[in-house]
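Work through the exercises below with the sequence and the structure side by side. Try each task before you read its solution.

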Amino acid sequence: LSLTAKLPRFSTSPNLIYPRNGSSFTLSVQATPPYSAISGQNIGFALPINVIRDSLKNFNETGQFNRPYLGVAYKMIGRDLAILNNLPEGAYVQTVVENSAASRAGVKVGDIITKIDGEKIQARKELSSIISKKKVGDTITLTIWREDNGNGETFDLKALLDVAPSQ
């Protein structure tokens, strides 16, 4: 379901359309001169209604829009790279943020996170997209592959998701 509406000329205010029986929420913005270089630049996107519902509930309870946060910087190891280097497919941990959910759980630089709650991490299903579907305060199970003296071992760690720091 996608609904759009044109905004008045010289307006940059967003137009929100919330269908009562729909499954998504549409935000449509039209920037026109003098706000844009080219007339009629329309920008629109749809959000799943469950995302909006959860975000508004969180905002009403806390007064903030909180996002879940694991606390790692990573690089994806896709299928081809995994095969070439005899590694598992997943998120190669490059940095672990101090005092984050990941550091408290025991995640280390060099680990490869292969699953979250049993869901495989792949090039088309990255760690960040899986974490974004969780809630602050959720306990997740990370399946980790770690190299130890030339041998790789797989094990699970539990992590309690934090609130993402403001940017």
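## Exercise 1: The chain as a whole

Task: Find what share of the contacts with a separation of 6 or more joins residues 24 or more positions apart.

Solution. In this predicted model, residues 24 or more positions apart make up 43% of the contacts in the chain with a separation of 6 or more. Next, take the secondary structure: the chain has four helices and 11 strands. Then turn to burial: 33% of the 167 residues count as buried. Finish with the surface. The chain exposes about 10900 Å². Carbon and sulfur atoms supply 50% of that area.

## Exercise 2: The nonpolar core

Task: Identify the residues with the most contacts inside the largest nonpolar core, and the elements that each supply at least two of its residues.

Solution. Start with the size: the largest nonpolar core has 21 residues. Inside this core, L70, I113, I116, L127 and L142 have the most contacts. Now assign elements. At least two core residues come from each of β5 (72-77), β6, α3, β7, α4, β9 and β10 (151-160). Take L142 as a worked case. Leaving out residues up to four places away in sequence, L142 touches L70, V107, I113, K115, I116, F155, D156, L157 and A159.

## Exercise 3: A buried salt bridge

Task: Decide whether R146 is buried or exposed, and do the same for D111.

Solution. First, establish the pair. R146 and D111 form a salt bridge, with 2.6 Å between the closest N and O atoms. Second, place both residues. R146 sits in strand β9 (residues 139-148), while D111 sits in the loop between α3 (101-105) and β7 (112-116). The pair is 35 residues apart and links distant parts of the chain. Third, apply the cut-off: buried means under 20% relative accessible area. R146 has 17%, so R146 is buried. D111 has 1%, so D111 is buried too.

## Exercise 4: Partly exposed salt bridges

Task: Explain why D117 and K134 count as partly exposed, and say which parts of the chain their pair ties together.

Solution. The side chains of D117 and K134 meet in a salt bridge at 2.8 Å, N to O. D117 lies in the loop between β7 and β8 (119-120), and K134 in the loop between α4 (127-132) and β9, so the pair ties together parts 17 residues apart in sequence. Now check accessibility. Partly exposed covers the range between the buried limit of 20% and the exposed limit of 50%. D117 is at 36%, so D117 falls in that range. K134 is at 21%, so K134 does as well.

Repeat the steps for another pair. K125 forms a salt bridge with E119, the closest N and O atoms being 2.9 Å apart. K125 is partly exposed at 31%. E119 is partly exposed at 27%. For the chain, the count comes to four salt bridges.

## Exercise 5: On the surface

Task: Name the residues that form a nonpolar patch on the surface, then locate E98.

Solution. The patch consists of L56, F59 and F65, which together have about 300 Å² of accessible area. F59 belongs to helix α1 (residues 49-62). Its relative accessible area is 34%, so F59 is partly exposed. Now move to E98, in the loop between β6 (90-96) and α3. E98 has a relative accessible area of 67% and is exposed. Its C-alpha atom is 8.0 Å from that of G71, a residue 27 residues apart from E98 along the chain.

Terms used: Residues are numbered from 1 along each chain as its sequence is written. This is a predicted model: local features need pLDDT of at least 70, side-chain atom pairs count only at pLDDT 80 or more; totals for chains, interfaces and linings use all residues. Side-chain values use heavy atoms; hydrogens and water are left out. Buried means under 20% relative accessible area, exposed over 50%, partly exposed in between (1.4 Å probe, protein chains only). Contact means heavy atoms within 4.5 Å. Accessible areas come from the Shrake-Rupley method with a 1.4 Å probe; for residues, only the protein chains shown count as cover. Patches are made of residues with over 30% relative accessible area and no salt bridge: like charges are joined within 9 Å, nonpolar side chains (Val, Leu, Ile, Met, Phe, Trp, Tyr) within 5 Å. A nonpolar core is a set of buried Ala, Val, Leu, Ile, Met, Phe, Trp, Tyr and Cys residues joined through side-chain atoms within 4.5 Å.
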